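Work through these exercises with the model open beside you. Try each task before you read its solution.

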Amino acid sequence: MNARSLLSSALLLSLWLTAPPAAPAEKNSWAKSQGSRAEIELDVLSKSASWAMDDVTSEVSTFGLTFDLRGQLERFGRLHLDVDLPLAYGDVSATFRSTRLGVDESSSAGSLLFGNPTVGAHYARALSRKLTVFGGGALSIPVLSAPDADARATLQATAPARASFDLHRLTAGHLPLRVLGGVEAELAARLVYRADTAVMFALPTSRAGVELVVEQGDELELRGRGPYGGGLRLQAALTPTRDDRMQLAMEPFFTYTLKQPGFYARAGLLVAIDAPLGFGLAEDKVATLRLAAGRSF
């Protein structure tokens, strides 16, 4: 165990031991893993790459837009039922021009498609007024079994949007299974730390191979005295079954949260840090506008 892990464990343990004990049914209003909520998420990714040699020029542009309808329903006090319904639109266009060859061609492909619906459940418990833990699992229904050319173009434009996170939503030809867990801690007044870990094991429904992804995310959120706040999320996706074994990304974000339960919103820019998807502000790399709004109840 490295020094960072030891420090994090010691900090969370001290919060648990020193904070007043929580009542059995107590919920922390700042904990996203507790309570019921319904929200919509929107990811927008647009990128392009161009090449030129002599009088020959070519360009490939992609545009991806994904919607997620997400629900979390609290049942039996600490057990929560989860559902995620993704919808994706993508377009990939290419142009090739050469004056000498007398060529000026363009083509495009794309469509609107439903991603893999996901159903699951998780258990969340407040160990104190400053610490909540959660864990659970989920199953995605493999509706993307045999995508055609337009559907493959849509997946090419939308799947990279979260920098190798949440691939179960748009993985074709697989049955994704996920195990997840994490902690949420109020480190100080209006300063919240969240850590989440998920393992996706996707079984092939065709001739494709098994997919394995390990996700780790950490974020700090500072809330003001009013409804406004902001923070930074860092994430790493380990992909041992792919050529690229790790993808790093960061997401600065702003939040708007009314007194809970109630309305909330979040806006962030997820930027891939390392290859192959980063650095996100360069040509043909991943920098995704992420928007979310919902209501807790």
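## Exercise 1: A residue in a turn

Asp55 is partly exposed, with a relative accessible area of 26%. Task: place Asp55 in the chain and list what Asp55 touches beyond its sequence neighbours.

Solution. This is a predicted model.
- Step 1. Take the accessibility. Buried needs under 20%, and exposed needs over 50%. At 26%, Asp55 is therefore partly exposed.
- Step 2. Find the element. Asp55 sits in the loop between E1 and E2.
- Step 3. Look for contacts, leaving aside neighbours within four places in sequence. Asp55 is in contact with Arg97, Ser98, Thr99, Arg100 and Leu101.
- Step 4. Check one of these pairs. Asp55 and Thr99 are 44 residues apart in sequence, yet their C-alpha atoms are 6.4 Å apart in space.

## Exercise 2: How far to trust the model

Task: find where pLDDT stays under 50, and decide how to read that stretch.

Solution.
- Step 1. Start with the whole protein. The mean pLDDT is 89, and 92% of the residues reach 70 or more.
- Step 2. Look for the weak stretch. pLDDT stays under 50 over residues 21–25.
- Step 3. Count contacts. For residues 21–25 the model has 7 contacts beyond four places in sequence.
- Step 4. Decide. Where pLDDT is low, predicted coordinates should not be read in detail.

## Exercise 3: Helix H2 and its surroundings

Task: say which residues of H2 are buried and which strands they pack against.

Solution.
- Step 1. Locate the helix. H2 covers residues 149–158.
- Step 2. Look at its start. A side-chain oxygen of Asp148 comes to within 3.3 Å of the backbone nitrogen of Asp150.
- Step 3. List the buried residues. They are Ala151, Ala153, Thr154, Leu155, Ala157 and Thr158.
- Step 4. Recall the helix rule. An α-helix has 3.6 residues a turn, so residues three or four places apart point the same way.
- Step 5. Find the partners. The buried residues of H2 pack against strands E1 (37–53), E2 (56–75), E3 (79–98) and E4 (103–114).

## Exercise 4: The largest pocket

Task: describe the lining of the largest pocket by residue, element and class.

Solution.
- Step 1. Take the volume. The largest pocket has about 490 Å³.
- Step 2. Turn to the lining. There are 22 lining residues, and Leu155, Ala159, Pro160, Leu167 and Arg242 lie nearest the centre.
- Step 3. Ask which element gives the largest share. Helix H2 does, with 3 residues.
- Step 4. Sort by class. The lining has 9 nonpolar, 6 polar and 7 charged residues.

## Exercise 5: Unusual backbone

Task: find which residues have a positive phi without being glycine, and where cis peptide bonds occur between E12 and E13.

Solution.
- Step 1. Go to the loop between H2 and strand E7 (174–188). Ala163 lies there, and so does Ser164.
- Step 2. Read phi. Ala163 has a positive phi of about 55°, and Ser164 has a positive phi of about 70°. Neither Ala163 nor Ser164 is a glycine.
- Step 3. Check burial. Ala163 is buried, at 1% relative accessible area. Ser164 is buried too, at 11%.
- Step 4. Move to the loop between E12 and E13, which holds Pro276 and Phe279.
- Step 5. Read omega. A cis peptide bond joins Ala275 and Pro276, with omega about 10°. Another joins Gly278 and Phe279, with omega about 5°.

## Exercise 6: Two loop residues compared

Task: are Gln34 and Gly262 buried or exposed, and what do they touch?

Solution.
- Step 1. Place them. Gln34 is in the loop between helix H1 (3–18) and E1. Gly262 is in the loop between strand E11 (246–257) and E12.
- Step 2. Apply the cut-off of under 20%. Gln34, at 7% relative accessibility, counts as buried. Gly262, at 4%, counts as buried as well.
- Step 3. List contacts, not counting residues up to four places away. Those of Gln34 include Gln72, His80 and Thr132. Gly262 touches Gly294, Arg295 and Ser296.
- Step 4. Check a distance. Gly262 and Arg295 are 33 residues apart in sequence and 5.2 Å apart in space, C-alpha to C-alpha.

Key
Residues numbered from 1 in each chain as written. Predicted model: local features only at pLDDT ≥ 70, side-chain atom pairs only at ≥ 80, totals over all residues. Heavy atoms only, no water. 1 Å grid on protein atoms, 1.4 Å probe; cavity = no way out; pocket = protein on both sides within 12 Å on 5 of 7 lines; lining within 4 Å. Points joined across faces, edges and corners; volume = space filled by probe spheres on them. Helix = DSSP H or I, 4+ residues; strand = E, 2+ residues; numbered from the N terminus. Nonpolar A, V, L, I, M, F, W, Y, C, P; charged D, E, K, R; others polar. pLDDT = per-residue confidence, 0-100. Contact = heavy atoms within 4.5 Å. Buried < 20%, exposed > 50% of the residue type's maximum accessible area, 1.4 Å probe, protein only. Polar contact = N/O pair within 3.5 Å; in protein donor to acceptor, adjacent residues only side chain to side chain.
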